[in-house]
Amino acid sequence: MIRKLLVANRGEIARRVFATCRALGVATVAVHSDADADAPYVAEADEAVRLPGNSPVETYLRMELILDAARRTGADAVHPGYGFLAEHAGFAAAVTDAGLTWVGPPAGAIAAMGDKIAAKELLAGAGVPMLPTWTDRDEVTDFPVLVKASAGGGGRGMRIVRDPADLPAAVDSARREAAAAFGDGTVFVERYVERGRHVEVQIFGDTHGTVVALGERDCSIQRRHQKIVEEAPAVLPDGVRERLHAAAVAAGRAVDYVGAGTVEFLLAPTGEFFFLEMNTRLQVEHPVTEAVTGLDLVRLQLLVAEGGALPVPATPPVDGHAIEVRLCAEDPTQGFRPATGTLHRFAVPGVVGGFTPTRGLRLDSGVGTGSTVGVHYDSMLAKLVAWAPTRAEAARLLAGALARAELHGVATNRDLLVRVLRSAEFGAARVDTGFLDVHPEVFAPLLPAARLPQVALAAALAGAAARRAAAPVLAGLPSGWRNVPALPQVVRYAGPGGEEIEVRYRLDRSGALADWSTDPPAPATGAAATGGPPADGRATPDPPAADVPPAVALVTAAPDRVLLDVAGVRQVFRVHRAGSVVFVDGPDGAAELTELPHFPLPRAATAAGSLLAPLPGTVSRVHVEAGQRVAAGDLLLTLEAMKLEHPVLAPTDGVVADLPVSAGGQVETGAVLAVVNPEEAPR
């Protein structure tokens, strides 16, 4: 039996495995990079070993360092989690060659499914339905198509191509991204199915020849080909579930599968389905399967790795419905680019458990209050899962918890997730992989622009209450009260989209709000207006703020809580301050405001035409040189951060006046990447 388990991974999956180990009495070992030294999963392990460095290549992908950590700590088994080395056949073989127990499928099965081109050929012979596939881009004749990485998943290296002229560039870009993410730039092309659904089957095998299907999941709602909402069971046409399960089991048996695996299919509107890939590991979305089956899949992994027989029926019963969302560090005002920073507060109400099968709300998180979110790893912060007797109840529970969560310090995709869960189309299970492309309304922020003045007022009143509470003298004097009533208190904030908001208010002698007003922000454009990626044009701006603010009365104000009466309706605003930044969570949504100084210090101006880094990262490629003439939309350089490529495009026709960066260089947020002087219009 396994005594001590090393998890060759990080974040929430390491915490997930450790939770089951604690329940079973198995000792645990963590490995960590320098950036992860203070991460929650490291603190929860019984022992931890440092992997010097930060990037995955120098830490979590170093097989020899991980095996040495197992030797030094006396671990007798290794669990790979998912990602990094989880689907590396060489690592699985190295673990077993070292005399350790590998908690995963055999190296042969990993190798067979790791090459997606070869996997398609193998499973087609087992009767699993396939899409037309090409390995030579010059032979592609049937558009639209999808370019995919042969060695990886998670949406990396994927490109949809509708115009044949765009195929060469898409293949080249996909190769670069795949090589960076998986160390293998091999890609292939397969036919793209419009309005297809991504449905996958959880399979499990043991060393006694058993392979079973533990239900299916619908993972159709995706952005950048990465899943953001997953649910179990899938809502399927009659007869499809049985055929899906049978095809998945056939795929597992074709490679003598052992352990947890997922067979992914594309379900067409006609009811036909086609094999996409087989992931030879535990999936990110496994908690929804655990919720509806009551099975601890990590426990089953350990049991099978020890040689035990699967203690589950061929078709386990399913109870209720579960939905999971991936909460990611992404900035909606910047086209959902990955975001970095410090989580000053991370709190989700109503959570009843985490990391093991739970009814109600389950939170699997790799971070907590005080965690630093850097650029070295992917942007997922946590998974929030809701189980309820029905699909509608699960969606409502999950959306409500997300909307009330306090997520301070790092921008997230929370508002997008809430709007998806509350949309009529999702409620009716009318979903497919193009859901976000045809529903621009879900990209709007939860907080309407018209409510921002009240939020700013609440922030100002909470700030005044905090100063009054800290006052060494005259603490009983109402904050904001003046002997000269004609002069109000004035507080200025930078709003969520960078717009400036000025709050003016005056209190009377009793401390009541005598009057107030704001200068509402100018109507925003692009991403700031819609919450959606500006390049996609999926804009549905909120109406501009009203010129005349509604009647508002102050009920109570404390440093962390303000109660306002807004047109006869009492509303609570929770306020949290971190330095000059104020986080306000209200009944309609949340906002982050930065209090501006009354007398700002002068600072150097950025040259006109400067393109600034939206986040810290590495300049992976530079496509132009100083003095070169460019057209609007031309690719100037590529920034790599959080395992994704971020193109930097010319905003206008002009000339590259300055190019202060070079390939391989590190940049911080706000660094000047290039300066493009626009061409003057002919007279």
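Which residues line the second largest cavity? In this predicted model, the lining consists of D218, C219, S220, I221, V229, E231, F426 and V431. Two elements, strand 11 (211–223) and strand 12 (226–232), each give two or more residues to this lining. Strand 11 gives the most, with four residues. By class, five lining residues are nonpolar, one is polar and two are charged. The space in this second largest cavity comes to about 40 Å³.

The count of cavities of 30 Å³ or more is two. The largest cavity has a volume of about 50 Å³. Its lining includes H79, P80, G81 and A86. W102, V103, G104 and P105 also belong to the lining of the largest cavity. T280, R281, L282 and Q301 complete that lining. Here the classes divide into six nonpolar, five polar and one charged residue.

Strand pairing was examined next. Strand 26 spans residues 500–507, and strand 27 spans residues 513–519. The two strands pair in the antiparallel sense, over six bridges. Within this pairing, R504 of strand 26 stands opposite S517 in strand 27. Strands 26 and 27 form a hairpin with five residues between the strands. In this hairpin, G511 takes a positive phi near 95°.

A further arrangement involves four strands. These strands make an open sheet in the order 33-40-38-35. The pairing in this sheet is antiparallel. Strand 33 (610–612) lies at one edge, and strand 35 (629–630) is the other edge strand. Each of these edge strands pairs on one side only. Between the edge strands in the order come strand 40 and strand 38. Strand 38 covers residues 654–658, and strand 40 covers residues 672–678. Strands 38 and 40 pair in the antiparallel sense over four bridges. One of the bridge partnerships links G654 with P678 in strand 40.

Taken together, the results cover two cavities of 30 Å³ or more, a hairpin of strand 26 and strand 27, and an open sheet of four strands.

Terms used: Residues numbered from 1 in each chain as written. Predicted model: local features only at pLDDT ≥ 70, side-chain atom pairs only at ≥ 80, totals over all residues. Heavy atoms only, no water. Pairing = 2+ DSSP bridges. 1 Å grid on protein atoms, 1.4 Å probe; cavity = no way out; pocket = protein on both sides within 12 Å on 5 of 7 lines; lining within 4 Å. Points joined across faces, edges and corners; volume = space filled by probe spheres on them. Nonpolar A, V, L, I, M, F, W, Y, C, P; charged D, E, K, R; others polar.
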